[in-house]
Amino acid sequence: MTAEIRNSELPSEPGADRKRKILIVEDEFVNREILSAMLASEYEVIPVGSGADAEEALRRQFGEISLVLLDLNLPDRHGLDILRELKDDPRTSKIPVIVLTSDKEAEVECLNVGAIDFIPKPYPIPKVVQARVRRTIELSEDRDLIRYTERDHLTGLYTREYFYRYAAQYDVYNRDVQTDALVLDVNHFQMINERFGKQYADGVLVRIARAIVSAVGASGGIACRRSADMFLVYCPHLLDYQAFLDGIVTAACGEDKGRIRIRLGVCAGADKSVEMQTRFDRAKIAADTVRGSFTDCVAFYDNAMHEKEIYAERLLDEFQAAIDGKQFSVYFQPKFDVRPEKPILSGAEALVRWIHPELGVISPGVFIPLFENNGLIRMLDHYVWQETVERIGEWKRKFGCTVPVSVNVSRVDMLDPDLVETLVDLIRGGGLEFSDLHLEITETAYTEDARQIISTVNRLRETGFVIEMDDFGSGYSSLNMIATLPIDVLKLDMAFIRNVFRENGNLRMLKVIVEIAETLSVPMIAEGVEKEEQLNALREMGCAMVQGYYFSPPLPPGEFEKHIREWLPQGREKE
Ligand code: C2E
Ligand code: CA
Ligand code: CA
């Protein structure tokens, strides 16, 4: 392989006030003096007269020497042997060497061993020698600069761009080797950063990089740091990836092994016709399947994941046709106010379904995350909002009352600078009040890009929209933060309800949350309520509203209307 992993030394940039150093290895005193005199005004010369002295000088200052001028006939050693050693040692292999010789025959061999140029003896006029020396140093420093951008500053591994290039190059020369694409991702690296400090966290990354290099470098594998805490490795197939990962975790964390979890995804032996980046995307997909697991840290990209990927691609391909063909339907799930004895309908949530002509009904849990990754979600959400506004208007006209409906506003929508305007236009176009449409914004959106989200939410509230914080309890908002957040309703995450009730009636957490809502004077909605005992417990605690299968699943608009009729005091239908 052409480019093996190395913890590269980055080129030391000579300061402006410092002359570059040239090592002159020449045993004849007169020649040494002549060369030194030619170069001394521009460079700092280090003249030595033997192989041993040359070695000593290199050992002491290999990082500082910009060029070696090397005579072949030395009293103690042959110049070719010195050249060979220089080129074999990774610390000195990048120092350019110009050979000083009167022997035409030796030139080819010197070039093969790695000399960059010759200066014949007797020496040409000073200008020629100076020009050759200058040019050689310039070329070598340009190359160093390229090497510099090839490498990640912190770990010395390749940067992403070079990595993909070298990996592809590896394939060209090793067609028959089974090679695997690996992704190593540190779980919750941000937390390590916050808890132990940047210096410690950087140390972890450097140790991971070193451990990777020592594990796969010998077999010709290459590695890169893809992003802060994600590493890519391309290497000949390994037999035991669990042992590989264990070795890296141990090396990276030493005593504090428990502190750090790394997940490893492997795309093993992919067909070489599969694009390099795709192989790593697949390894990443595999790695993400063990994101939340405490027992499994290694996952292989397999057939099931492949099928899922193909399915996902199909959905993405067919998205536009589905929008045009009105294959997306908006369902409505009622929300009930459970404070009165007899619960009353207080609104609904709009939830989208894809009624696919061949694949049947597809749940948003499947396609929403796909569309969120590439911005299609905005188009879909606009469609859903438009449909919802039309429905609300229709019910208003038909029943003479308003059923406020909440729509989901994705994180991606929140970053759209035209969001407020778009929503305002929709409401005006539908002849509705702003308070008729509630907006559900997920808790994690608030924690991701707090400042921008909060300012958008403030503008939406000032306009008159009602903001519900969705999936509350799934993110990590601190109490302080919640107290300052602009929200009108807290919508408790379904998983939260499930966990609380699973632990056999340990309702203390839930009580705390209800109290938080009370302190903030915002009503709370519990979603995913399926059982009577859940409803009773929530009611007792003072939870205002409930949504869930206990009352009703999401329904097509026609069926949802039945709830409106039932709830209307005297069946006040207008037509
Ligand atoms: P969500 O906003 O948290 O919606 C609640 C989900 O819980 C819905 O799943 C609903 O059908 C389900 N659910 C309601 N009551 C119960 C219950 O008692 N038991 C159980 N097991 N489930 C219940 P759905 O409709 O599959 O939606 C999944 C997620 O997809 C939603 O979670 C939301 O994040 C997203 N989503 C749905 N429609 C849209 C949309 O139009 N736009 C955007 N951006 N996201 C949407
Ligand atoms: Ca929701
Ligand atoms: Ca939710």
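Before we start, a donor here is an N, O or S atom within 3.2 Å of the metal when that metal is Ca; water is not among the atoms, so sites may look incomplete. Keep in mind too that this is a predicted model.

**Exercise 1. Work out which residues hold the calcium ion (ligand 3), and how they sit in the chain.**

Step 1: Pick out the protein donors. They are D470 (OD), D471 (OD) and E527 (OE), and they lie 2.0 to 2.4 Å from the ion.

Step 2: Put those residues in sequence order. The spacing reads D-D-x55-E.

Step 3: Place the ends of that gap on the fold. D471 belongs to strand β16 (residues 466-472) and E527 to strand β18 (residues 524-527), so this pair links distant parts of the chain, 56 residues apart.

Step 4: Is E527 buried or exposed? Buried counts as under 20% relative accessible area. E527 has 9%, so the residue is buried.

**Exercise 2. Do the same for the calcium ion (ligand 2), then find what connects the two ions.**

Step 1: List the coordinating residues. E349 (OE), N408 (OD1), E440 (OE) and D470 (OD) do the job, at 2.1 to 2.4 Å.

Step 2: Write down the spacing. In sequence, the donor residues follow E-x58-N-x31-E-x29-D.

Step 3: Look at two of the donors on their strands. E440 is in strand β15 and D470 in strand β16, so the pair ties together parts that are 30 residues apart in sequence. Both of these residues, E440 and D470, are buried.

Step 4: Which residue bridges the two calcium ions? That's D470, and the ions it bridges, ligand 2 and ligand 3, lie 4.0 Å apart.

**Exercise 3. Describe the second largest pocket and check it against the donors you just found.**

Step 1: Start with the volume, about 940 Å³.

Step 2: Go to the lining. There are 35 lining residues, and E349, L351, P364, N408 and D470 lie nearest the pocket centre. Three of those names should ring a bell: E349, N408 and D470 also coordinate the calcium ion (ligand 2).

Step 3: Sort the lining by class. You get 13 nonpolar, 10 polar and 12 charged residues.

Step 4: Trace where the lining comes from. Among the elements that each supply at least two residues are β12 (344-356), α13 (376-399), β14 (405-409) and β16.

**Exercise 4. Now take the largest pocket and say which domains build it.**

Step 1: Lay out the domains. The chain splits into domain 1 (7-150), domain 2 (160-301) and domain 3 (312-559).

Step 2: Get the basics of the pocket. Its volume is about 1700 Å³, and 40 residues line it, with R263, K284, D288, T289 and R291 nearest the centre.

Step 3: Which helix gives the largest share of the lining? It's α11, with six residues.

Step 4: Assign the lining to domains. Domain 2 and domain 3 each contribute at least three residues.

Step 5: Finish with the classes. The lining holds 15 nonpolar, 12 polar and 13 charged residues.

**Exercise 5. Check the length of α13 and see what comes after it.**

Step 1: Compare expected and modelled spans. At 1.5 Å a residue, the 24 residues of α13 should span 34 Å, and the end C-alpha atoms are 35 Å apart, so the two agree.

Step 2: Move past the end of the helix. G400 follows α13, and its phi is positive, near 70°.

Definitions and conventions: Residues numbered from 1 in each chain as written. Chains lettered and ligands numbered in written order. Predicted model: local features only at pLDDT ≥ 70, side-chain atom pairs only at ≥ 80, totals over all residues. Heavy atoms only, no water. Donors = N, O, S within 2.8 Å, 3.2 Å for Na, K, Ca; no water. Helix = DSSP H or I, 4+ residues; strand = E, 2+ residues; numbered from the N terminus. Buried < 20%, exposed > 50% of the residue type's maximum accessible area, 1.4 Å probe, protein only. Domains from an automatic or database assignment. 1 Å grid on protein atoms, 1.4 Å probe; cavity = no way out; pocket = protein on both sides within 12 Å on 5 of 7 lines; lining within 4 Å. Points joined across faces, edges and corners; volume = space filled by probe spheres on them. Nonpolar A, V, L, I, M, F, W, Y, C, P; charged D, E, K, R; others polar. Expected span 1.5 Å × (residues − 1).
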